[in-house]
Amino acid sequence: KIMIDIKNLTKHFERKIALSSLSFTIKQGELVALVGPSGAGKSTLLNSIARLVPLESGEMVIDGQNISSYKKGKAFAKKVGVIRQQFDLIGPLAVIHNVLAGKLAEWGTVKSLISLLVPQEKDAALSALERVGLADKAYEITSTLSGGEQQRVALARLMVQKPEIILADEPVASLDPARADDVLSMLTKIVSEDNQTLIASLHSVEYARKYFDRIISLKNGAIFFDLPTEKVTDEM
Ligand code: ADP
Ligand code: ADP
């Protein structure tokens with residue numbers, strides 16, 4: 001089924017165009033890499049889908065629901081999960097508490113704190129940590145982990161949240177190549193296993209080719225190319 005259907009999405013900041021009449025559809029389970037030079041509109045596109053920036057014009061249908069005029073809401077927050085370069089973890093908390101914070105979008109802060117006391121939630125968090133290879137660090141203070149480990153904590157948090165759509169804005173930009181490779185292979189593996197839909201912006205076409213099904217390249221807010229990975233070369 002079609003998960004994301006965007007028609008003529010346009011966005012300006014002042015007079016500057018950030019997205020220029022973009023149209024595309026993404027099916028459930030697709031792994032889409034978003035590439036293009038800095039300023040091409042990648043963040044603005046992801047932020048528009050996440051409803052972090054207001055829509056200006058165009059139409060957006062997410063899982064059959066037209067959200068062009070939809071306000072931020074719990075149902076939507078549950079459907080879409082976001083992962084970013086900065087990880088957005090709470091440094092002084094234990095790793096497992098950050099993982100449980102994935103419930104925040106769904107339940108609100110108070111219930112998410114209560115969830116720390118619910119054994120099933122704890123088990124879910126521990127098994128997510130197991131999947132990203134961090135079960136032994138569940139009770140360490142998050143800020144003491146390396147960058148690559150922290151991004152894996154953010155992945156575990158997403159697994160607990162279980163959104164249908166994952167938007168990743170430069171998820172590996174702050175990591176060295178080996179760590180970046182680990183995180184991307186883990187992210188794409190988890191997303192495939194859980195039949196989630198992923199759009200990730202990346203600086204490197206090489207990574208996009210290695211782990212993704214389809215590559216959308218943006219230039220000046222418009223689609224420069226939109227191709228299955230096997231049709232894309234590293235030079236593009
Ligand atoms: P990227 O790594 O995607 O190139 P940027 O450095 O362009 O990220 O943007 C980082 C943040 O700053 C984003 O939230 C973006 O919306 C905001 N931003 C980008 N360009 C501008 C600008 N010209 N004025 C104000 N905010 C900007
Ligand atoms: P990318 O993620 O591909 O680097 P962005 O989406 O961050 O591109 O930026 C697209 C264009 O919109 C750029 O020209 C950028 O400067 C501008 N822009 C992005 N966010 C803002 C903002 N909050 N305020 C003003 N301009 C912005």
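How many bridges join β6 to strand β7, and do the two run parallel or antiparallel? In this predicted model, β6 and β7 (residues 165–169) are linked by 5 bridges and run parallel. Within this pairing, Arg84 stands opposite Asp169 of β7.

From here, let's step back to the whole sheet. These strands belong to an open sheet of 6 strands, and following it across gives the order β6-β7-β8-β3-β9-β10, with mixed pairing. The sheet is bordered by β6 (80–84) and by β10 (222–228), edge strands that each pair on one side only. If you compare neighbouring strands, you will find them turned by 15° against each other on average, with direction ignored.

Now look at the helices that pack here. Helix α7, residues 147–161, lies across β6 and β7, and its direction runs at about 175° to β6. Helix α8, made up of residues 177–193, also packs on the sheet, where it touches β3 (31–35), β7 and β8 (197–201). The direction of α8 makes about 160° with that of β8. Strand β7 is thus a handy landmark, as α7 lies across it and α8 touches it.

Finally, turn to helix α1, which spans residues 42–49. Of its 8 residues, 6 are buried, meaning under 20% relative accessible area, so α1 is largely enclosed by the rest of the structure. You can pick out the buried positions as Lys42, Thr44, Leu45, Leu46, Ser48 and Ile49. After α1 comes Arg51, a residue with a positive phi, near 65°.

Conventions:
Residues numbered from 1 in each chain as written. Chains lettered and ligands numbered in written order. Predicted model: local features only at pLDDT ≥ 70, side-chain atom pairs only at ≥ 80, totals over all residues. Heavy atoms only, no water. Pairing = 2+ DSSP bridges. Helix = DSSP H or I, 4+ residues; strand = E, 2+ residues; numbered from the N terminus. Axes fitted to C-alpha atoms, helices over the stretch in contact; angles between N-to-C directions. Contact = heavy atoms within 4.5 Å. Buried < 20%, exposed > 50% of the residue type's maximum accessible area, 1.4 Å probe, protein only.
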